[in-house]
Structures are given as C-alpha cells and as structure tokens.
Amino acid sequence: MGPDETLSPALLKKVVHAAACSASFQQAEADLRALAEVEVSANRIHRAAQRIGSERVADRRAAVIAVQQLPLPSQRQSPGPAPPAVAC
C-alpha cells in the first residue's frame, strides 16, 4: 500500500479538490491546513492529484472506446436520459 492510499476517501476528495482549485500544490497544502485543518504535504497532494487524474483519463478513454464500438446510429444517441419535453 502506497502512502497516498492511506488517505480516507473523504480526505482524498478534499485533497484533489484543493489541488484542482489552487494555483500550486504548495497553495493547496496551505488551503488544506487552513480550511480542513489537516496536514498534507505538497508532494503528497501532487501524487494524489496525478493518480486520480490518470484514473479519470483511463475511464474517459474506456468510455470513448465503448462508444466507438457501437453501431453508428447508437453513437449519436445521448448516453444519459432524455431531457423532459418543454411545454410551450
């Protein structure tokens, strides 16, 4: 188990959010210290953000491949539920 795997899911969510919203990992570290009252090093924030980012890229690539394997008419359909009809 790596050092970043010891972060709880709730703390990992905060760490990744701070990394995404801050100008630097050092700023994310300061923000977490001030707002969440936790000590997480800038290096650990960087590693966690890289890992989660890589997972999201892999998920996105897998979703693209899945859509590309569908027949063309199915590719044009929305993957989500249909929007409600608008009354005019």
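**Exercise 1. A salt bridge along H3**

Task: Where in this predicted model do Glu-55 and Arg-51 lie, and how many residues apart are they?

Solution.
- Step 1: Start with the helix. Glu-55 and Arg-51 both sit in H3, which covers residues 42-68.
- Step 2: Now look at the spacing. Four residues separate the pair, about one turn of the helix.
- Step 3: Check the side chains. Glu-55 and Arg-51 form a salt bridge, with 3.3 Å between the closest N and O atoms. The cut-off is 4 Å, so the pair counts.
- Step 4: Add the accessibility. Glu-55 has a relative accessible area of 37%, so Glu-55 is partly exposed. Arg-51, at 28%, is partly exposed too.

**Exercise 2. Linking up the charges**

Task: Which residues are joined into one network by salt bridges that share partners?

Solution.
- Step 1: Get the total. Searching the whole structure turns up three salt bridges.
- Step 2: Take Arg-33 and Glu-29. Their side chains meet in a salt bridge at 3.4 Å, N to O. These two are four residues apart in helix H2 (residues 25-36), so about one helical turn lies between them.
- Step 3: Take Arg-33 again, this time with Glu-39. Here the closest N and O atoms are 3.1 Å apart, and this is a salt bridge as well.
- Step 4: Put the shared partner to use. Glu-29, Arg-33 and Glu-39 belong to one network.
- Step 5: Compare with solvent access. Arg-33 is partly exposed because its relative accessibility is 37%, while Glu-39 is exposed at 61%, since exposed means over 50%.

**Exercise 3. What fills the core?**

Task: How many residues does the largest nonpolar core have, and which have the most contacts inside it?

Solution.
- Step 1: Count. The largest nonpolar core has 13 residues.
- Step 2: Name the best-connected ones. Leu-7, Leu-12, Val-15, Leu-32, Val-40 and Ile-45 have the most contacts inside this core.
- Step 3: Assign the core to elements. Helix H1 (9-21), H2 and H3 each give two or more residues to it. H1 supplies the largest share, six residues.
- Step 4: Zoom in on Leu-7. Ignoring neighbours within four places in sequence, Leu-7 touches Leu-12, Val-15, Arg-44 and Ala-48.
- Step 5: Do likewise for Leu-12, which is part of helix H1. With neighbours within four places left aside, Leu-12 contacts Leu-7, Ala-48, Arg-51 and Ile-52.
- Step 6: Decide whether Leu-12 is buried. Its relative accessible area is 15%, so Leu-12 is buried; the cut-off for that is under 20%.

**Exercise 4. Three helix pairs**

Task: At what angle do H1 and H2, H2 and H3, and H1 and H3 pack?

Solution.
- Step 1: H1 against H2. The angle is about 130 degrees and the axes are 8 Å apart. The pair is therefore oblique. H1 passes H2 in a right-handed crossing. On the H1 side, Lys-14, Val-15, Ala-18 and Ala-19 meet Phe-25, Ala-28, Leu-32 and Ala-36 of H2.
- Step 2: H2 against H3. Here you get about 105 degrees, with the axes 8 Å apart. So H2 is roughly perpendicular to H3. Phe-25, Gln-26, Ala-28, Glu-29 and Leu-32 in H2 meet Ala-42, Ile-45, His-46 and Ala-49 in H3.
- Step 3: H1 against H3. This angle is about 95 degrees, and the axes lie 9 Å apart. H1 and H3 are therefore roughly perpendicular. H1 contributes Leu-12, Val-15, Val-16 and Ala-19 to the contact, and H3 contributes Ile-45, Ala-48, Ala-49, Arg-51 and Ile-52.
- Step 4: Tie this back to earlier exercises. Glu-29 takes part in the H2 to H3 packing and also in a salt bridge with Arg-33. Arg-51 is part of the H1 to H3 contact and forms a salt bridge with Glu-55.

**Exercise 5. Sequence versus space**

Task: How many Å separate the C-alpha atoms of Leu-12 and Gln-68, and how many those of Ala-63 and Pro-79?

Solution.
- Step 1: Leu-12 and Gln-68 are 56 residues apart along the chain, and their C-alpha atoms are separated by 32 Å.
- Step 2: Ala-63 and Pro-79 are 16 residues apart in sequence and 10 Å apart in space, C-alpha to C-alpha.
- Step 3: Place Ala-63. This residue is found in helix H3 and, at 38% relative accessibility, counts as partly exposed.

Notes
Residues numbered from 1 in each chain as written. Predicted model: local features only at pLDDT ≥ 70, side-chain atom pairs only at ≥ 80, totals over all residues. Heavy atoms only, no water. Buried < 20%, exposed > 50% of the residue type's maximum accessible area, 1.4 Å probe, protein only. Core = buried A, V, L, I, M, F, W, Y, C linked by side-chain atoms within 4.5 Å. Contact = heavy atoms within 4.5 Å. Axes fitted to C-alpha atoms, helices over the stretch in contact; angles between N-to-C directions. Parallel < 35°, antiparallel > 145°, perpendicular 65-115°, else oblique. Left-handed = near helix turned anticlockwise from the far one by under 90°.
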